[in-house]
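Q: Please take a close look at the largest pocket of this model. What lines the pocket, and which parts of the chain surround the metal site and the helices beside it?

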Amino acid sequence: MIGRLNHVAIAVPDLEAAAAQYRGTLGARVGAPQDEPDHGVRVVFIELPNTKIELLYPLGADSPIAGFLERNPAGGIHHICYEVADIGAARAQLVASGARVLGTGEAKIGAHGNPVLFLHPKDFNGCLIELEQVPAGEG
Ligand code: CO
């Protein structure tokens, strides 16, 4: 069911410093910060040859990243995102096998404009998993 690794998301306590480190120290292609108010995050996308990194920083009062940074003040890996061809089919298969979909339980439009959903980390070895529907030939 799952396909390519789309991105690894890292919550960071200082977005400018983290972006500068990836651009300078690690020599990566780093984009400009983007606000995603629907998701409560400010994001910097880093393009690697085989995948992407998302640096996540809290945006707004009830950002899902704020609590994570309280528990992990130095930052840390927040979630990993796998691509799926059909998110509705993936969701049905996961729910049938007992996995819990977070939030409303339905897919919503994610940071890349594609439908996404998140799976409960307790069902997947402590790892928050995002599934993103990526049309064939994209990504
Ligand atoms: Co993500």
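A: The account below treats the pocket, then the metal site, then two helices.

The model is predicted, so local features need pLDDT of at least 70 and side-chain atom pairs count only at pLDDT 80 or more, while totals for chains, interfaces and linings use all residues. Residues are numbered from 1 along each chain as its sequence is written, and side-chain values use heavy atoms, with hydrogens and water left out.

The largest pocket has a volume of about 740 Å³. A pocket here is an open set of points on a 1 Å grid over the protein atoms alone, where a 1.4 Å probe fits, with protein on both sides within 12 Å along at least five of seven lines; lining residues have an atom within 4 Å of a point. The volume is the space filled by probe spheres set on the points, which are joined across faces, edges and corners. The lining comprises 34 residues, and Pro64, His78, His79, Phe118 and Leu128 lie nearest the centre. Two or more lining residues come from each of β4 (41–47), β5 (52–58), α2 (64–71), β6 (76–84), β8 (115–119) and β9 (129–133). Helices (H or I, at least four residues) and strands (E, at least two) are DSSP runs, numbered from the N terminus. The largest share, 4 residues, is that of α2.

The cobalt ion is coordinated by His7 (NE2), His79 (NE2) and Glu130 (OE), at 2.0 to 2.1 Å. Donors are N, O and S atoms within 2.8 Å of the metal (3.2 Å for Na, K and Ca); water is not among the atoms, so sites may look incomplete. Along the chain, the donors follow the spacing H-x71-H-x50-E. His7 lies in β1 (residues 5–11) and Glu130 in β9, so the pair ties together parts that are 123 residues apart in sequence. His7 is buried, at 1% relative accessible area, and Glu130 is also buried, at 5%. Buried means under 20% relative accessible area, exposed over 50%, and partly exposed in between (1.4 Å probe, protein chains only).

In α2, Ile65, Phe68 and Leu69 are buried. These residues cover an arc of only 95° around the axis, which puts them on the same side of α2; the arc is that of the directions from the helix axis to the C-beta atoms. Glu70 and Arg71, on the other side of α2, are exposed. The buried residues of α2 pack against β1, β4, β5 and β6, where contact means heavy atoms within 4.5 Å.
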